[in-house]
Amino acid sequence: MGVVTLTIDNKEVKAKEEMTVLEAAQSAGIDIPTLCHHEKLEPYTACRLCMVEVESRGRVKLDTACSSPVKENMVVRTKTEDIIKIRRTLLELMLSHAPDSRELQALVKEYGADKDRFEKEASFCIHCGLCVRYCAEVKKKSAVGFINSGVRREISFVPEIASKECWNCKECFELCPTEALQTAYLFTVAQISDSPSFELESEK
Ligand code: SF4
């Protein structure tokens with residue numbers, strides 16, 4: 001297992017060659033914001049908040065730190081003016097969907113984003129996919145998934161699976177950066193309770 005040396009925000013960082021830029025930065029105590037990353041899950045690049053400027057072999061480009069592998073002599077800048085502007089806009093857009101999210105509000109404050117820039121279209125879910133991926137990749141249950149597409153895309157529990165698996169698990173709840181997941185779960189529980197053919201695992 002080799003080690004590479006790269007520079008992140010003018011700091012020399014040594015990282016294992018299989019690490020991503022995000023992991024290398026985190027190991028060096030350099031904060032890069034993200035709302036869809038989880039160390040047990042494959043990179044998803046949904047929130048794009050971890051966008052950084054990467055300079056490698058004479059080429060400069062913007063890339064998501066969670067999916068960029070480290071390279072020898074790579075130079076990474078995590079807080080340029082352009083990157084701050086991109087993060088601000090992303091946060092403003094996400095906040096219009098989940099205005100009550102404390103995690104988002106904290107980032108909005110940190111980046112000086114305008115919380116009223118976009119009209120509120122509260123759907124509560126910011127499509128980070130943490131719940132869906134955690135249930136599929138870690139728990140191997142796929143009790144929750146995305147339905148519909150475009151602006152109507154939302155998460156939904158699969159009643160047949162949720163009735164057996166979720167009551168005693170709920171590990172995804174603490175991953176959700178908004179209130180969308182708990183609301184969707186409560187909706188599913190209400191559906192299940194109304195259906196004579198379903199019985200919650202806890203009630204058996
Ligand atoms: S419900 Fe929460 S965890 Fe799941 S995709 Fe939406 S914001 Fe992410």
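The ligand sits in the largest cavity. This is a predicted model. Around the ligand stand C125, I126, C128, G129, C131, F146, I155, C176, P177, T178, A180 and L181. By class, this shell holds 10 nonpolar residues, 2 polar ones and no charged ones.

Now step back to the whole fold. The protein has 6 helices and 7 strands. Read from the N terminus, the order of elements is β-β-α-β-β-β-α-α-α-β-β-α-α. The C-alpha trace spans about 65 × 45 × 25 Å along its principal axes. Of the 204 residues, 41% are buried. Take the contacts with a sequence separation of 6 or more: 53% of them join residues 24 or more positions apart.

Start the walk at the N-terminal end, with T5. This residue belongs to strand 1, which covers residues 3-8. T5 counts as buried because its relative accessibility is 18%, and the cut-off for buried is under 20%. The side chain of T5 makes a polar contact of 2.9 Å with the side chain of K14. K14 also appears among the residues that T5 touches beyond four places in sequence, along with E12 and V13. The same list takes in a later stretch of the chain: K71, E72, N73 and M74.

N73, one of those partners of T5, deserves its own look. N73 is in the loop between strand 4 (59-64) and strand 5 (75-77). Its phi is near 65°, a positive value in a residue other than glycine. N73 counts as exposed because its relative accessibility is 59%, and exposed means over 50%. So T5 is buried at 18%, while N73, which T5 touches, is exposed at 59%.

Move on to helix 2, residues 81-97, where L95 lies. L95 has a relative accessible area of 4%, so it is buried. Beyond four places in sequence, L95 touches L104, Q105, V108, K115 and K120. F124 is 29 residues away from L95 along the chain, yet their C-alpha atoms are separated by 8.9 Å.

Further along comes K140. This residue lies in the loop between helix 4 (130-138) and strand 6 (144-147). K140 has phi near 60°, again a positive value in a residue other than glycine. K140 counts as exposed because its relative accessibility is 64%. The ligand shell includes residues from the two elements that bound this loop: C131 and F146.

The last stop is F157, in strand 7, residues 154-157. I155, one of the residues around the ligand, falls within this strand. F157 is buried, since its relative accessible area is 4%. Which residues does F157 touch, not counting those up to four places away in sequence? They are A143, V144, A162, C166, L181, A184, Y185 and T188. V144 is in strand 6 (144-147). L181 links this strand back to the opening scene, as a contact of F157 and a residue of the ligand shell. F157 and L181 are 24 residues apart in sequence, and their C-alpha atoms are 9.1 Å apart.

Conventions. Residues numbered from 1 in each chain as written. Predicted model: local features only at pLDDT ≥ 70, side-chain atom pairs only at ≥ 80, totals over all residues. Heavy atoms only, no water. Helix = DSSP H or I, 4+ residues; strand = E, 2+ residues; numbered from the N terminus. Buried < 20%, exposed > 50% of the residue type's maximum accessible area, 1.4 Å probe, protein only. Polar contact = N/O pair within 3.5 Å; in protein donor to acceptor, adjacent residues only side chain to side chain. Contact = heavy atoms within 4.5 Å. Near = heavy atom within 4 Å. 1 Å grid on protein atoms, 1.4 Å probe; cavity = no way out; pocket = protein on both sides within 12 Å on 5 of 7 lines; lining within 4 Å. Sits in = over half its atoms within 2 Å of the grid points. Nonpolar A, V, L, I, M, F, W, Y, C, P; charged D, E, K, R; others polar.
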